Amino acid sequence: MPQRITEARIDFTNLRLTTHNRMVMIPAMQAQVVTDHVFAALADPTRRAIFEHLARDGEQNVRALTARAGVSQPAVSKHLGILKHARLVSHRRAGRETHYSAQPQALKPMLDWMGMYTAFWHDRFDSLESLLGRMDQ
Amino acid sequence: MNEAAASRSLVIEREMPHPAEKIWRALTQGALVEEWLMKNDFQPVVGHRFSFRSTPVPGWDGVINSEVLTIEPNSKLAYSWGTMGMMSVVTWTLTPTKAGTHVRMEQTGFPSETDAAYKGATYGWTKFIANMERVVGGLE
């Protein structure tokens, strides 16, 4: 009989790892490429500020963005280039003006990644509590 | 903030009816960590590089590369969590309570969050994420 209990525990462990892979790691892996660009683009506080400004107040040109950003216009243009590369920002030309707007849906993979890890850690917390229940003081 | 945004936070907290010393053992003894998290070669030494190993799947080797960042016995543990090109930091904080211990796990996936220069910045990550959750939530 003790043999059977051991086998059941091994199965349980494997099931946990499989669930872990399926639920957390594979979707995270698929979202990785997109998410990496998004993380890198938003690692800079000035770019976060520019992005948030566009997301809240709508389309802007470089001049308006520079007035709020506290850095030079070339610097703002460079930041916009990185945000565009991550597909967080799109642009539209109107005559000699270029208007920039936020594409907040590009954040979704990053937010999904956070959601998957939240599910993962809740599951681990359950396992930790179960282990604590089995441990001696 | 809407419910979905609040629940997506990477801070997970739970009160557990066990003493902090016991939970600390479960968090820092490799064999015990394997029981609830993953296979590992963890050592409770700051600067120790180790890995968590899960079952490999196509496209992912199942390895999480880590380094111990903080060890404050029975109270605080932090390690980096690097996998598939993404680096984050996992921090455990244990606070004794009347009924046991308050266990707090925080996973920050953003290098700037650990950079003191950005602490308290107007556009801190927490606020940024909360704001963006609202914007993205509005799209659905």
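Two strands are said to pair if DSSP finds at least two bridges between them. The exercises below apply this to a predicted model.

**Exercise 1. In what order do the three strands of the open sheet in chain A lie, and which are the edge strands?**

Step 1. Begin with strand E1 of chain A, residues 60–61, which pairs with strand E3 of chain A, residues 97–102, in the antiparallel sense over two bridges. Within this pairing, A:Asn61 has A:His99 of E3(A) as its bridge partner.

Step 2. Turn next to strand E2 of chain A, residues 89–94, which pairs with E3(A), again in the antiparallel sense, over six bridges. Here A:Arg92 is the residue that stands opposite A:His99.

Step 3. Put the two pairings together: the open sheet has the order E1-E3-E2, with antiparallel pairing. E1 and E2 of chain A are the edge strands, since each pairs on one side only.

**Exercise 2. How many residues lie between E2(A) and E3(A) in their hairpin, and which residue in the turn has a positive phi?**

Step 1. Two residues lie between E2(A) and E3(A) in the hairpin that these strands form.

Step 2. In the turn, A:Gly95 has a positive phi, with a value of about 65°.

**Exercise 3. Describe how helices H2 and H4 of chain A pack, and sort the residues of their contact by character.**

Step 1. Two packed helices are described by the angle between their axes together with the distance between those axes. For H2(A), residues 45–57, and H4(A), residues 73–85, the angle is about 75° and the axes are 10 Å apart.

Step 2. Because angles of 65 to 115 degrees count as roughly perpendicular, H2(A) is roughly perpendicular to H4(A).

Step 3. On the side of H2(A), the contact is made by A:Thr46, A:Arg47, A:Ile50 and A:Phe51, while H4(A) contributes A:Val76, A:His79, A:Ile82 and A:Leu83. These residues divide into five nonpolar, two polar and one charged.

**Exercise 4. How confident is the prediction for chain A, and where is the pLDDT below 50?**

Step 1. Chain A has a mean pLDDT of 75, and 69% of its residues reach 70 or more.

Step 2. The pLDDT is below 50 over residues 1–19 of chain A, a stretch that has four contacts in the model beyond near neighbours in sequence.

**Exercise 5. Which elements make up chain B, and what part of its residues is buried?**

Step 1. Chain B has four helices and seven strands, which run α-β-α-α-β-β-β-β-β-β-α from the N terminus on.

Step 2. Of the 140 residues in chain B, 23% are buried.

Methods
Residues are numbered from 1 along each chain as its sequence is written. Chains are lettered from A and ligands numbered from 1 in the order in which they are written. This is a predicted model: local features need pLDDT of at least 70, side-chain atom pairs count only at pLDDT 80 or more; totals for chains, interfaces and linings use all residues. pLDDT is the predictor's confidence in each residue, from 0 to 100. Two residues are in contact if their C-beta atoms, placed from the backbone, lie within 7 Å. A residue is buried if 20 or more other C-beta atoms lie within 10 Å of its own, exposed if 12 or fewer, and partly exposed in between; C-beta atoms are placed from the backbone. Axes are lines fitted to C-alpha atoms, for helices over the stretch in contact, and angles run from 0 to 180 degrees between N-to-C directions. Angles under 35 degrees count as roughly parallel, over 145 as roughly antiparallel, 65 to 115 as roughly perpendicular and the rest as oblique. Ala, Val, Leu, Ile, Met, Phe, Trp, Tyr, Cys and Pro count as nonpolar, Asp, Glu, Lys and Arg as charged, and the others, Gly among them, as polar.
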